[in-house]
Amino acid sequence: MALKLRHTEPVSVQSLIQSLRQYNPQADVQPIQEAYDFSAQAHAGQKRESGEPFLQHPLQTARIIVDLKLDVPSIVAGLLHDTIEDTDIPKADLEQRFGKEVAYLVDGVTKIGKIQFKTHEEKQAENFRKMLLSMSEDIRVILIKLADRLHNMRTLHYLPEEKQKRIAQETLDIFAPLANRLGIGWMRTELEDLCLRYLKPEVFNNLAKKVAQRQEVRDAYIQDLIKIIQKSLTEYGFKGQVLGRSKHLFGIYQKMERQGIPFEEVYDLAAVRIITDTKMNCYAILGMIHSLWRPVPGRFKDYIGVPKSNGYQSLHTTVMGPKGYHVEFQIRTDEMHKVAEEGIAAHWKYKEKGQIDQKTDRVFGWLRQLVEWQQDLADNRQFMDSVKMDLFPDVIYVFTPKGDVKELAKGACPLDFAYSVHTEVGNHCTGAKVNGKLVPLRHVLHSGDSVEVTTSTNQTPSKDWLKWVRTARSKTKIKHWIKTEERIRSLEVGKKLLERALQRHNLSSTEAFKPEHLTALTKDFGIATPEGLLVAIGYGRITTEQVIRRLQPAAAVKEGLADKLIRKIGGRPSGVKIKGVGDLLIHLSKCCNPVPGDPIIGFITRGRGLSVHTMDCPNIDELDYDKDRIVEVAWDTKDAAAYAVKIGVVTVDRPGMLASVSAAITSAKANISHADITTTEDRRAILNFVVEILNAGHLDKVLKSIETVDGVVQAKRVRAG
């Protein structure tokens, strides 16, 4: 089964204009023709990796912008979006030729990703900061960027495999969730399917083949459903258009992963959408559906009464349909369907030049909040984690005592609710009532709960709170408070520690604390201010002995105490390089068991030295992230060494599976040091291994080898915590 893509045929400027006039007949199309001519001249002679003329890329990008039903300046900017970056044409020329509005849009798209950073993670995070700021000023900037990314994903097969995976992962992490947050459902599903195609090609091809094999039967089943529903609509006198559809591949893959089931046990591959005329009829048709087939408990969601944050409204229900198959129904009005298909573009008014109207501004309040929160986060990676968390689609809706609705992340607690009201309410929250009953602050909230919190000026945030909260706002505010308080305490501790050390070495604290001496020391340690030096001592990042050695250089030479840049871990031949830190005890964290190839960070804790964690460590949020405690670390892999890694494998429960999986691990040149097996009531076997591997690439090879075994449902690395 080939992946279905929208409008992939070659595009002409005439077809763009024709499509525009279908939804905006009065549009002035002259700027589009002029932009096409300008772009054709600017990109003359340029080719894409596919070998086709480069001009097709801006044309295809403009076609997607037309699919979003945007205005003429957006289409013009789509045609010109690569002229500043890929040609010698300055912004001033665009402004003179096409006006300030178009030049601003093109410049906004160009600036995303323009700055070069030390690492890919940092660059990605900074790019997203710029995107958010651009979105807050003119939403069209990000819509054009999404169109650009979608066409690049459609033509990704022409790039080398390494680039394919990098771009696909970034798209899955950021752009697909962003399209979802903006309510553009068709774009999100296409991006997700394309990402699966390049990130897990074996899974994608296998799923596509299995879906295609059942396509004819499924289409016939959906058509039978539609006939039954249309007959019932006529009998009850309801107006309604009935549409059938198949679930997209990434959605099927997610369900298999989430529930640990094979494709054959995914029953609700069919979905039916009913579009009617009024909100009242949506609920009436829901009753009709439930009278025809038995609803599946826990699978009903009312997004009409409580809309999603992106404005999406619909009734969702899953029933046990004919032949015992699960079928999902979505019931909505014409206006709701328009919003579901077009997202923010359905709200947007052309005359406002990209500004979001008051109603839509409330719907997209999360965007304004993200821009506000990013000011508290100096660390790009921490900001990126907060963004991903906030883009995550699993949400609940709870009520304030006045009946206002608050949207929170799934798994949120009363503290998240308190921070959603106001930072000070969160910082001083002492207790909570849910549905009139007292509950602990770590109590997990559910959709429909009514929440009331109490506060006290004597209460302040605790590190334990980071274990309970789920929203990006809560985590950001708690970490900001802890960081501020820790810095104050560490400044006091650092000053006392240095004073004691100076006394032990018969050095004058008055002399050492002179501004010129402290300033010289800060330069030696690469720290900006004398206060920062004392804070670093208080944290344990710099030892008092290091300071004394710089004050007494002769003693340092005599004792041979030069700072070390590389420390070996546990006597192993493979270790970690540490930048700017000497004489620290180093250990690999047991909570995430980092191995060479994993992105890692170092975190200094008083009395424990430096802990090395993976960037995605499950306990990373429990560390009070502070840039003064974070140390830049990298793997020192001159000599290979084996690292123990836990692997979990879910298989069909049948004889010989342990032997087959063990053989697959051995064939990937990995040694098994421990193995055990348990079975479940639903005929699953769970195999747990401890395997000795060399690096992250070797681990990936082992997992792929296991996934080739017939009967394996899932194979993944298992972390503690």
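A disulfide is a pair of cysteine sulfur atoms within 2.5 Å. The model is predicted: local features need pLDDT of at least 70, side-chain atom pairs count only at pLDDT 80 or more, and totals for chains, interfaces and linings use all residues. Residues are numbered from 1 along each chain as its sequence is written, and side-chain values use heavy atoms, with hydrogens and water left out.

**Exercise 1. Cysteines**

Task: find how many disulfides the whole structure holds, then examine Cys413 and Cys429.

Solution:
- Search the whole structure. The search returns zero disulfides.
- Take Cys413. Its nearest cysteine sulfur belongs to Cys429, 8.5 Å away.
- Take Cys429. The closest cysteine sulfur, in Cys413, is 8.5 Å off, too far for a bond.
- Check burial (buried is under 20% relative accessible area, exposed over 50%, partly exposed in between; 1.4 Å probe, protein chains only). Cys413 is buried at 1%. Cys429 is buried at 0%.

**Exercise 2. One helix, two sides**

Task: determine which residues of α12 are buried and which are exposed.

Solution:
- Locate the helix. Helices (H or I, at least four residues) and strands (E, at least two) are DSSP runs, numbered from the N terminus. Helix α12 covers residues 201-213.
- Check its length. Its 13 residues reach 18 Å from first C-alpha to last, close to the 18 Å expected at 1.5 Å a residue. The expected span is 1.5 Å times one less than the number of residues.
- List the buried set: Phe204, Leu207, Ala208 and Val211.
- Look down the axis. The buried residues of α12 fall within an arc of 100°, so they line one face. The arc is taken over the directions from the helix axis to the C-beta atoms.
- Turn to the other side. Glu202, Lys209 and Gln213 are exposed there.
- Find the partners by contact (heavy atoms within 4.5 Å). The buried residues of α12 pack against α11 (185-199), α13 (215-236) and α14 (249-259).

**Exercise 3. Positive phi**

Task: state where Lys69 and Asn435 lie.

Solution:
- Read phi. Lys69 has a positive value of about 60° although it is not a glycine. Asn435, also not a glycine, has a positive phi near 55°.
- Place Lys69. It sits in the loop between α3 (56-67) and α4 (72-80).
- Place Asn435. It sits in the loop between β9 (429-434) and β10 (437-439).
- Add exposure. Lys69 is partly exposed, at 30% relative accessible area. Asn435 is partly exposed too, at 46%.
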